[in-house]
Amino acid sequence: WLKSEVVLISRTPPQILAMKTLVQEESIPVPKGIKISIKSKIVEVSGKHGTLKRDFKHLPIELHLANSGHEVRAKMYFAKSKQLSMLRSV
């Protein structure tokens, strides 16, 4: 009267998890004649053709001027590979 069914559940092999990078830092040299100001992730660049202002508050990065204002450094902590691509595009 009672029927029993055996159901085999296939188990997939564990996937290799992507490791997080502890710290990744990129530096961008500033050309001569260009003035850059960074305040709370808002970057303002001014040169002979005008002024450009960009807001990077949506990205989890640190931005600061280095080397007496001749270099911009962007730093990201604990990021995976897709998140590191944001750092390279800044």
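User: Leaving aside neighbours within four places in sequence, what is L87 in contact with?
Analyst: This is a predicted model. In it, L87 is in contact with Q24, E25, E26, I61, A74, K75 and M76, once neighbours within four places in sequence are set aside.

User: Which residues of the largest nonpolar core touch the most other members?
Analyst: L87 is one of them. The others are I36, V43, F56, I61, L63 and M76. The core has 13 residues.

User: Which elements supply at least two residues each?
Analyst: Strand 6, residues 71–79, and helix 1, residues 81–89.

User: And which gives the most?
Analyst: Strand 6, with four residues.

User: Back up a bit. How many helices and strands are in the chain?
Analyst: One helix and six strands.

User: In what order do they run from the N terminus?
Analyst: The order is β-β-β-β-β-β-α. The strands come before the helix.

User: Pockets next. What volume does the largest one have?
Analyst: About 250 Å³.

User: Which lining residues are closest to its centre?
Analyst: I36, V43, V45, V72 and V90, out of 14 that line the pocket. I36 and V43 also appear among the core residues that touch the most other members.

User: Which elements give two or more residues to that lining?
Analyst: Strand 1 (21–29), strand 3 (42–47) and strand 4 (50–55).

User: What is the lining like by class?
Analyst: It has 13 nonpolar residues and one charged residue. There are no polar ones.

User: New topic: I28. Where is it found?
Analyst: I28 sits in strand 1.

User: Why does I28 count as partly exposed?
Analyst: Because its relative accessible area is 35%. That value lies between the 20% cut-off for buried and the 50% cut-off for exposed.

User: What does I28 touch, beyond residues up to four places away?
Analyst: E71 and V72. V72 is also one of the residues closest to the centre of the largest pocket.

User: How far apart are I28 and E71 in sequence and in space?
Analyst: They are 43 residues apart in sequence. C-alpha to C-alpha, the distance is 5.6 Å.

User: What share of contacts comes from residues 24 or more positions apart?
Analyst: 48% of the contacts with a separation of 6 or more.

User: Whole chain now. What share of the residues is buried?
Analyst: Buried residues make up 18% of the 90 in the protein chain.

User: And what does the accessible surface come to?
Analyst: About 8,100 Å² for the protein chain. Carbon and sulfur atoms hold 56% of that surface.

Note on methods
Residues numbered from 1 in each chain as written. Predicted model: local features only at pLDDT ≥ 70, side-chain atom pairs only at ≥ 80, totals over all residues. Heavy atoms only, no water. 1 Å grid on protein atoms, 1.4 Å probe; cavity = no way out; pocket = protein on both sides within 12 Å on 5 of 7 lines; lining within 4 Å. Points joined across faces, edges and corners; volume = space filled by probe spheres on them. Nonpolar A, V, L, I, M, F, W, Y, C, P; charged D, E, K, R; others polar. Core = buried A, V, L, I, M, F, W, Y, C linked by side-chain atoms within 4.5 Å. Buried < 20%, exposed > 50% of the residue type's maximum accessible area, 1.4 Å probe, protein only. Contact = heavy atoms within 4.5 Å. Areas by Shrake-Rupley, 256 points an atom, 1.4 Å probe, with all protein chains shown as cover.
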